[in-house]
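User: I would like to go through this structure step by step, with each term explained as it comes up.

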Amino acid sequence: MSNQESISKLWIVPLLIGFAFLFIVPSTAILISNNSYFGTTNLVYGQLDHMNSNVTNSLNIQNIPVKKVHVGDIDVAYKTFGRGDPILLVSGASNVMDAWDPTVLRDLSSNHTVIIFDNRGVGNTTAGTKPFSIIQFANDTAGLLDALKIQKSDVLGFSMGSFIAQQLTLLHPQKVNRLVLYAASCGGKENIPQSPDVAKILSDFAYNRSHDVGKLLSVTFPLSWIKSHPNNISIPQSKEIVPPDTLKQQFNIVEAWLATNWSGVCGQLTKISKLTLVIAGTEDVTVPAANSLILAQKIPGSWLVQIQGGGHGVMFQYPEKLSTVLQTFLSTTTG
């Protein structure tokens, strides 16, 4: 099914200002469009016809050559592909740039020039001398856009990458066109925390105290989905690595962002004037989906799509569905 065919099957829901597109598969979609003028939030539900889940013509990201550019105190490794206006993808903790789902990359590259890159200390990007922090990562990202001579780009951030994307938009708003926040939290005292069990699993993984793949999968995908898809758990593999020291440092800055002993950036989100899409899986236990409601309520005019049954790794569970959400947002809005 083409993106245009998918869009034609969506409910078009008139709101007090403009229109919103509502969809999600395989079951229920929840879209919240924040109407800042009237101070209310519109909550609507809908259904999309079944889509073909067979992946064809997936992009082989491994075949795209790595390039490097100097940014501040580091050399940043990146890849570019596709055609059209730029979209920059910011990876989550413990992720290399090749870890993005190939179906999502393929579809984005059909009408965007996609830029993926390794964060500081990851894969082929050097660690540099500056301390790791979300602010530093945001400045690294802004520096990459400058080095590539990209004045403004759509930005998609996943998990830790969504923290970086928020900070980038607040610190360097002129560089961001539209913003997509996937598995996101604005951190601090308003953050909805992980359970202690989830926090321990992630900590044990980051500090190399556990190699239990089953436990790691349990915080990436809903247990019910794992049981029903025992032979269908596919996460892209890469020769790139995340060094143990980098993994620990990334874990520490994520924990600092989520900690309740600072204010987070929740109170600053009303300053974001960029068209924003917030995406969450309803069963995400790593960054609980309730955090997406906070973001949608605070960012003026934002869209919120919650994918029923999706976990933290929803892009690997339902890549074509997630791709349809992205394509609809990007094709029906202008920055």
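**Helices and cavities**

Analyst: Lysine 149, just after α3, takes a positive phi of about 60°; helices (H or I, at least four residues) and strands (E, at least two) are DSSP runs, numbered from the N terminus. This is a predicted model, in which local features need pLDDT of at least 70 and side-chain atom pairs count only at pLDDT 80 or more, while totals for chains, interfaces and linings use all residues. Residues are numbered from 1 along each chain as its sequence is written, and side-chain values use heavy atoms, with hydrogens and water left out.

User: How far apart are the end C-alpha atoms of α3?

Analyst: The expected span of a helix is 1.5 Å times one less than its number of residues. For the 14 residues of α3 this gives 20 Å, which agrees with the distance between its end C-alpha atoms, 20 Å.

User: How many of the 14 residues of α3 are buried?

Analyst: Buried means under 20% relative accessible area, exposed over 50%, and partly exposed in between, with a 1.4 Å probe and protein chains only. Among the buried residues of α3 are Ile134, Phe137 and Asp140. The helix α3 is largely enclosed by the rest of the structure, because the number of its 14 residues that are buried is 10.

User: Which elements each supply at least two residues of the lining of the second largest cavity?

Analyst: On a 1 Å grid over the protein atoms alone, a cavity is a set of points where a 1.4 Å probe fits but cannot get out, and lining residues have an atom within 4 Å of a point. The lining here includes Ile74, Val76, Phe137 and Asp140. The elements that each supply at least two lining residues are β6 (74-82) and α3 (134-147).

User: What is the make-up, by class, of the lining of the largest cavity?

Analyst: The residues that line the largest cavity include Trp100, Val180, Tyr182, Leu322 and Leu326. Ala, Val, Leu, Ile, Met, Phe, Trp, Tyr, Cys and Pro count as nonpolar, Asp, Glu, Lys and Arg as charged, and the others, Gly among them, as polar. By class, the lining of the largest cavity therefore has nine nonpolar, no polar and no charged residues.

User: Which backbone oxygen lies 2.9 Å from a polar atom of the side chain of threonine 324?

Analyst: Threonine 324 lies in helix α11, and at 6% relative accessibility this threonine counts as buried. The backbone oxygen at 2.9 Å from a polar atom of its side chain is that of glutamate 320.

Definitions and conventions:
1 Å grid on protein atoms, 1.4 Å probe; cavity = no way out; pocket = protein on both sides within 12 Å on 5 of 7 lines; lining within 4 Å. Polar contact = N/O pair within 3.5 Å; in protein donor to acceptor, adjacent residues only side chain to side chain.
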